[in-house]
Amino acid sequence: MTTSRGAAAGDDANGDARVRPVERADLLGVFRIEKAVFTQPWPYAAFEQLLDAPGFLVAEGDGAGTPDTARLDAGDVLGYVVGDLTPNHGRDIGHIKDLAVRPDTQGRGLGRRLLRAALSELAAAGASVVKLEVRESNHRAQELYDDEGFEPARRIPRYYGDGEAAFVMRLDAGEWVRRRNAGDE
Ligand SMILES: CC(C)(COP(=O)(O)OP(=O)(O)OC[C@H]1O[C@@H](n2cnc3c(N)ncnc32)[C@H](O)[C@@H]1OP(=O)(O)O)[C@@H](O)C(=O)NCCC(=O)NCCS
């Protein structure tokens with residue numbers, strides 16, 4: 001974990017959740033959410049292998065809970081994002097590999113905060129573009145990505161194990177940072 005990584009993630013600390021770099025102790029909570037929200041979840045070992053990825057962040061509860069959700073324990077993992085960086089001759093490619101929010105805390109802005117925090121980390125680590133794959137049927141996630149400035153680049157038939165196609169979406173990281181700094185979020 002680097003200082004700049006922690007600082008950028010800390011910028012998103014507010015409200016009833018804090019976004020921060022993942023720690024090994026978070027992995028069980030991450031894996032529990034992964035199994036709850038995806039029909040074909042990643043294995044636990046996949047998260048372990050990505051512990052040092054620059055954009056692997058979690059949102060943790062502060063224990064206060066909210067009026068319309070079950071009580072949250074301090075430190076509970078409410079959501080996570082896995083963002084990684086691939087060197088590419090000076091034009092490094094960021095990759096949002098996974099993003100999920102606990103079902104009982106979805107729809108409160110946490111997914112967007114996690115995505116933005118990971119994009120900040122990847123841009124700070126040198127990403128010039130950021131890519132992701134999203135299921136063709138996942139309109140909710142597509143809406144979020146579209147709203148943050150991701151554009152559909154191509155469609156990959158039968159990308160997922162169950163035969164569903166993926167859209168590859170692409171974001172110009174420099175452009176995203178400029179928009180964010182200009183307050184156009
Ligand atoms: C996709 C996901 C991460 C979004 O997180 P979230 O915390 O629920 O979303 P947010 O509250 O931050 O909302 C962000 C945007 O998502 C979209 N969105 C959220 N809920 C939505 C809904 N019920 N219908 C359509 N769009 C929705 C909207 O664009 C929303 O922006 P807005 O609130 O300004 O309208 C979350 O729903 C989730 O974990 N889904 C299951 C796992 C998954 O599909 N991950 C993505 C894999 S590519």
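The axis of a helix is a line fitted to its C-alpha atoms over the stretch in contact, and angles run from 0 to 180 degrees between N-to-C directions. With this in mind, the reader may turn to the structure above, which is a predicted model.

The axes of helix 4 and helix 6, the latter formed by residues 173–181, come within 10 Å and cross at roughly 120 degrees. Helix 4 is therefore oblique to helix 6, since angles of 65 to 115 degrees would count as roughly perpendicular and those over 145 as roughly antiparallel. The crossing of helix 4 past helix 6 is left-handed. Which residues of the two helices meet there? On the side of helix 4 they are Leu119, Leu122 and Ala123, and on the side of helix 6 they are Ala173, Trp176 and Val177. In this contact of helix 4 with helix 6, six residues are nonpolar, while none is polar and none is charged.

Attention now passes to the strands. Seven of them form an open sheet in the order 1-2-3-4-5-7-6, and their pairing is mixed. Strand 1 (17–21) and strand 6 (151–156) are the edge strands, each of which pairs on one side only. On average, and with direction ignored, neighbouring strands of this sheet are turned by 25 degrees against each other. One pair within the sheet may be followed in detail: strand 5 (residues 127–135) runs antiparallel to strand 7 (residues 166–172), and seven bridges join them. Here valine 130 stands opposite leucine 171 of strand 7.

Helices also pack on this sheet. Helix 2, made of residues 27–37, touches strand 2 (55–61), strand 3 (77–86) and strand 4, and its direction makes about 95 degrees with that of strand 3. Helix 4 packs on the sheet as well, touching strand 1, strand 2, strand 3, strand 4 and strand 5. The direction of helix 4 makes about 25 degrees with that of strand 3.

The last topic is the ligand. How many residues surround the ligand? There are 18, and the closest are Gln106, Gly111, Arg112, Glu143 and Leu144. At least two residues of this shell come from each of strand 4 (92–101), helix 4 (110–124) and helix 5 (139–148). Helix 5 gives the most, with five residues. By character, the shell around the ligand divides into eight nonpolar, five polar and five charged residues. Helix 4 thus appears in each part of this account: it meets helix 6, packs on the sheet and supplies residues to the shell around the ligand.

Methods:
Residues are numbered from 1 along each chain as its sequence is written. This is a predicted model: local features need pLDDT of at least 70, side-chain atom pairs count only at pLDDT 80 or more; totals for chains, interfaces and linings use all residues. A residue is near a molecule or strand if its C-beta atom, placed from the backbone, lies within 6 Å of it. Helices (H or I, at least four residues) and strands (E, at least two) are DSSP runs, numbered from the N terminus. Ala, Val, Leu, Ile, Met, Phe, Trp, Tyr, Cys and Pro count as nonpolar, Asp, Glu, Lys and Arg as charged, and the others, Gly among them, as polar. Angles under 35 degrees count as roughly parallel, over 145 as roughly antiparallel, 65 to 115 as roughly perpendicular and the rest as oblique. A crossing is left-handed if the near helix is turned anticlockwise from the far one by less than a right angle, and right-handed if clockwise. Two residues are in contact if their C-beta atoms, placed from the backbone, lie within 7 Å. Two strands pair if DSSP finds at least two bridges between them.
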